[in-house]
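Okay, thanks everyone, let me get the viewer up. I'll walk through this one quickly, so shout if I skip something.

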Amino acid sequence: MVGLSYAMRSISVGTAYVIWVGIGAAITVVYGMVVGEESVSVLKILCLIGMVACIAGLKLAN
């Protein structure tokens, strides 16, 4: 939560929330893949990369 409040100092609430949720979701899926709870596929990895790229794009567009 400290990271979210820090981010909201310089970017809008909506963008900060999308970044917070998106990065959290990506980290959760990657963790699941590493420990074996989540299946690994090329499509999932490409989608995760695309999601992180879109989040970075939102930050850059702000």
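So, burial first: of the 62 residues in this chain, 16% are buried. Keep in mind as we go that this is a predicted model. The accessible surface adds up to about 4500 Å², and carbon and sulfur atoms account for 74% of that.

What about the fold? We've got 3 helices and 0 strands, and reading from the N terminus that's just α-α-α. If you put a box around the C-alpha atoms along the principal axes, you get roughly 35 × 25 × 10 Å. And on contacts with a separation of 6 or more, 47% come from residues 24 or more positions apart.

Okay, over to helix α2, residues 13-35. What span should we expect from its 23 residues? At 1.5 Å a residue, that should be 33 Å, and the end C-alpha atoms are indeed 33 Å apart, so the two agree. Right after α2 ends, have a look at Gly36, which has a positive phi of about 95°.

Now, which residues of α2 are buried? Going along the helix, they're Thr15, Ala16, Gly22, Ala26, Gly32 and Met33. As for what's covering those, the list includes α1, residues 2-7, and α3, residues 42-61.

Let me zoom in on one of them. Thr15 sits in α2, and its relative accessibility is 13%, which is under the 20% cut-off, so we call it buried. Who does Thr15 touch, if we leave aside neighbours within four places in sequence? That would be Leu58 and Lys59.

Last stop, the cysteines. How many disulfides do we have? The count is 0. Take Cys47: the nearest cysteine sulfur belongs to Cys54, and that's 10 Å away. A disulfide would need the two sulfurs within 2.5 Å, so Cys47 isn't in one. Flip it round and Cys54 is in no disulfide either, with the sulfur of Cys47 as its nearest, 10 Å off.

And are these two buried or exposed? Cys47 has a relative accessible area of 48%, so that one is partly exposed. Cys54 comes in at 55%, and since the line for exposed is over 50%, Cys54 counts as exposed.

Okay, that's my tour. Happy to spin it around if anyone wants another look.

How values were computed
Residues numbered from 1 in each chain as written. Predicted model: local features only at pLDDT ≥ 70, side-chain atom pairs only at ≥ 80, totals over all residues. Heavy atoms only, no water. Buried < 20%, exposed > 50% of the residue type's maximum accessible area, 1.4 Å probe, protein only. Helix = DSSP H or I, 4+ residues; strand = E, 2+ residues; numbered from the N terminus. Contact = heavy atoms within 4.5 Å. Areas by Shrake-Rupley, 256 points an atom, 1.4 Å probe, with all protein chains shown as cover. Expected span 1.5 Å × (residues − 1).
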